[in-house]
Amino acid sequence: MLLLASCGSDSQGPGIPNVPVSEQINVNSQLYTRLRQDGGYVYLNAGYKGIIVVRQNANQYLAFERACPYDPTAGAPCGQVEADQSNLFIVDSCCGSQFNFQGGVM
């Protein structure tokens with residue numbers, strides 16, 4: 001899961017709701033060709049606002065909830081992270097929250 005860095009306030013916003021997730025994918029499938037290279041990613045329709053699966057290397061894949069931890073209940077198109085056009089990081093274009101492909105806050 002993506003982590004939220006504290007901004008110096010004691011009040012916590014809404015958390016990402018707990019939802020059951022049970023997904024399996026074949027990373028060699030024609031549906032997921034982007035997962036054949038390091039740094040490749042795909043979106044899945046699962047979780048609260050979706051899941052992004054990122055290939056770290058041939059043996060390691062990470063999966064993250066796409067709900068932005070800053071305001072996960074924001075209406076569309078806000079509150080959902082996606083890969084930036086540069087494909088170098090993940091961002092919520094509305095609030096500006098940014099995360100690296102390892103899930104760390106930037």
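Reader: Happy to be looking at this one with you. In what order do the strands E1, E2 and E3 stand in their open sheet?

Author: In this predicted model, 3 strands form an open sheet with antiparallel pairing. E1 and E3 stand at the edges with a single partner strand each, so one side of each is left without a neighbour in the sheet. Averaged over neighbouring strands and ignoring direction, the turn between them is 25 degrees. The order is E1-E2-E3.

Reader: Thanks! How many bridges pair E2 with E3?

Author: Let's take both partners of E2 in turn. E1 and E2 run antiparallel and are joined by 4 bridges. E2 and strand E3, residues 60–65, also pair in the antiparallel sense, and a hairpin of 2 residues joins E2 to E3. For E2 and E3 the count is 6 bridges.

Reader: Which residue in the hairpin of E1 and E2 takes a positive phi?

Author: That hairpin has 6 residues between the strands. One of its residues has a phi near 75 degrees, and the residue is Gly47.

Reader: Nice. Which residue in E3 stands opposite Val53?

Author: We can read across the sheet here. On the E1 side, Val42 stands opposite Val53 in E2. Another pair joining E2 and E3 is Val54 with Leu62. For Val53, the residue opposite in E3 is Ala63.

Reader: Is Ala63 buried, exposed or partly exposed?

Author: Ala63 is found in strand E3. Leaving aside neighbours within four places in sequence, Ala63 is in contact with Ile51, Ile52 and Val53. Its relative accessibility is 48%, and because buried means under 20% and exposed over 50%, Ala63 counts as partly exposed.

Reader: What distance separates the C-alpha atoms of Ala63 and Gly103?

Author: Good one to check in a viewer. Ala63 and Gly103 are 40 residues apart along the chain. Their C-alpha atoms are separated by 8.9 Å.

Reader: Back to E2: how many of its residues are buried?

Author: Strand E2 covers residues 51–57 and is mostly covered. Arg55 is in strand E2, and at 13% relative accessibility Arg55 counts as buried. Of the 7 residues in E2, the number buried is 6.

Reader: Which residue forms a salt bridge with Arg55?

Author: Side chains of opposite charge can pair when their charged atoms come close. Here the closest N and O atoms are 2.8 Å apart, and because the cut-off for a salt bridge is 4 Å, this pair qualifies. The count for the model comes to 1 salt bridge. The partner of Arg55 is Asp38.

Reader: How many residues apart are Asp38 and Arg55, and where does Asp38 lie?

Author: The pair links distant parts of the chain, with Arg55 in strand E2. Asp38 is partly exposed, at a relative accessible area of 49%, whereas Arg55 counts as buried. Asp38 lies in the segment before E1, and the two are apart by 17 residues.

Reader: Which residues make the nonpolar surface patch?

Author: The patch has an area of about 220 Å². One member, Val19, lies in the segment before strand E1, which spans 41–44. Val19 is partly exposed with a relative accessible area of 34%, and because patch residues need over 30%, Val19 can take part. The patch is made by Val19, Val21 and Tyr48.

Reader: And which strands stand at the edges of the sheet formed by E4, E5 and E6?

Author: These 3 strands form an open sheet in the order E4-E5-E6, with antiparallel pairing. Each edge strand has a single partner strand, so one side of each is left without a neighbour in the sheet. The edges are E4 (82–83) and E6 (98–99).

Reader: What is the bridge partner of Val91 in E6?

Author: Strand E5, residues 90–91, runs antiparallel to E6, and 2 bridges join them. In E6, Val91 has as its bridge partner Gln98.

Reader: To finish, what percentage of the residues of the protein count as buried?

Author: The protein has 0 helices and 6 strands, and its elements run β-β-β-β-β-β from the N terminus on. The accessible surface comes to about 6700 Å², of which 47% belongs to carbon and sulfur atoms. Among contacts between residues at least 6 apart in sequence, 35% join residues at least 24 apart. Of the 106 residues, the share that counts as buried is 34%.

How values were computed: Residues are numbered from 1 along each chain as its sequence is written. This is a predicted model: local features need pLDDT of at least 70, side-chain atom pairs count only at pLDDT 80 or more; totals for chains, interfaces and linings use all residues. Side-chain values use heavy atoms; hydrogens and water are left out. Patches are made of residues with over 30% relative accessible area and no salt bridge: like charges are joined within 9 Å, nonpolar side chains (Val, Leu, Ile, Met, Phe, Trp, Tyr) within 5 Å. Accessible areas come from the Shrake-Rupley method with a 1.4 Å probe; for residues, only the protein chains shown count as cover. A salt bridge is a side-chain nitrogen of Lys or Arg within 4 Å of a carboxyl oxygen of Asp or Glu. Buried means under 20% relative accessible area, exposed over 50%, partly exposed in between (1.4 Å probe, protein chains only). Two strands pair if DSSP finds at least two bridges between them. Contact means heavy atoms within 4.5 Å. Axes are lines fitted to C-alpha atoms, for helices over the stretch in contact, and angles run from 0 to 180 degrees between N-to-C directions.
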